[in-house]
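Me: Please take a close look at one part of this model, namely the loop residues with unusual backbone angles. I would like a connected account that also sets them in the context of the whole chain.

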Amino acid sequence: MGPKTQRVYETIRTWIESGRYGAGDKLPSERALSAELSIGRTALRQVLARLVSEHFIRAHDRSSYRVLGAGSAPTPPEGESWTIHGSRPVYENHWVTLDLVDVEPPGVKRFEHHVVRLFRVAITAVVDEQDRVLMLWRYRFVPQQWGWELPGGIVDSGEDAAVTAVRETEEETGWRPGPVDHVVSYQPMIGMVDSPHEIYVAHGAQKVGEPTDAEEAGEVAWVPLDDIPRLMSEGKLMGSGTLVALLHILASRTRGAR
């Protein structure tokens with residue numbers, strides 16, 4: 001998201017947080033917002049899509065949005081946390097660490113819990129003007145399966161995850177994405193594995209060469225978004241990051257259509 005688009009995002013968010021537009025209120029039309037904020041409709045829709053994904057607003061009807069709040073899911077109060085008495089490494093190398101953590105849940109006798117710790121990763125869904133997403137067809141030996149994945153990789157120490165998202169996409173596909181927008185941070189196996197995932201979306205990319213990451217090499221293709229539900233039902237989409245990013249895009253398209 002460029003500086004001007006970011007400013008528009010912050011302006012609309014401030015309107016909501018300051019109460020200018022309260023829960024349930026309808027925002028001005030896209031035409032009115034575009035004129036008031038001096039921004040093109042395409043860039044404005046990127047801003048609105050981000051506000052939808054962050055649950056500030058929802059699509060009401062065509063080119064219309066309402067502020068969320070009233071009637072949205074409440075946040076229950078936090079209960080008593082587990083007590084962590086300490087941890088000890090069982091195995092560690094350059095890629096993975098296995099710890100035994102001494103924990104005590106409320107009202108339960110303390111015990112040692114296995115925790116696998118992995119590096120933080122960034123994954124990017126690049127969508128073009130033809131509603132296609134940039135993907136890799138590759139083999140994964142762990143499930144012994146071929147399938148489609150989005151480009152992504154490990155965030156280097158001290159590196160901004162957005163930089164990783166762009167770098168890994170270019171290295172794995174040969175395409176350099178446009179500005180990347182952060183969608184969500186999540187943990188795919190929260191009960192036993194510490195593996196922070198950062199999901200990004202970019203609109204458009206420039207072909208800059210051939211893939212340079214031989215280890216992650218796969219067949220690069222632009223896959224129509226309309227094919228994603230079928231590929232999902234056929235089990236041809238691999239990895240939670242790929243699924244989370246694509247489901248976000250599909251949900252945003254559906255809301256926009258409404």
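Reply: The account below begins with the chain as a whole and then turns to the loop residues in question.

The model is predicted. Its protein chain holds six helices and 15 strands, and the C-alpha trace extends over about 60 × 50 × 35 Å along the principal axes. Of the 258 residues, 38% are buried. Among contacts with a separation of 6 or more, 58% join residues 24 or more positions apart. The exposed surface comes to about 14,600 Å², with carbon and sulfur atoms supplying 53% of it. As for charge, there are 28 positive and 36 negative side chains, and the centres of the two sets are 8 Å apart.

Against this background, the backbone angles can be considered. Most residues other than glycine have a negative phi. Histidine 55 departs from that sign, for its phi is positive at about 65° although the residue is not a glycine. Its place is the loop that links helix H3 (41-53) to strand S1 (57-61). Histidine 55 has a relative accessible area of 59%; exposed means over 50%, so histidine 55 is classed as exposed.

Glutamine 144 is likewise not a glycine, and its phi is positive at about 55°. This residue belongs to the loop between strand S7 (132-140) and strand S8 (145-149). With a relative accessibility of 63%, glutamine 144 also counts as exposed.

In summary, histidine 55 combines a positive phi with a position in a loop and an exposed state. For glutamine 144, a positive phi goes together with a loop position and exposure.

Conventions:
Residues numbered from 1 in each chain as written. Predicted model: local features only at pLDDT ≥ 70, side-chain atom pairs only at ≥ 80, totals over all residues. Heavy atoms only, no water. Helix = DSSP H or I, 4+ residues; strand = E, 2+ residues; numbered from the N terminus. Buried < 20%, exposed > 50% of the residue type's maximum accessible area, 1.4 Å probe, protein only. Contact = heavy atoms within 4.5 Å. Areas by Shrake-Rupley, 256 points an atom, 1.4 Å probe, with all protein chains shown as cover. Lys, Arg positive; Asp, Glu negative; His and termini not counted. Charge placed at Lys NZ, Arg CZ, Asp CG, Glu CD.
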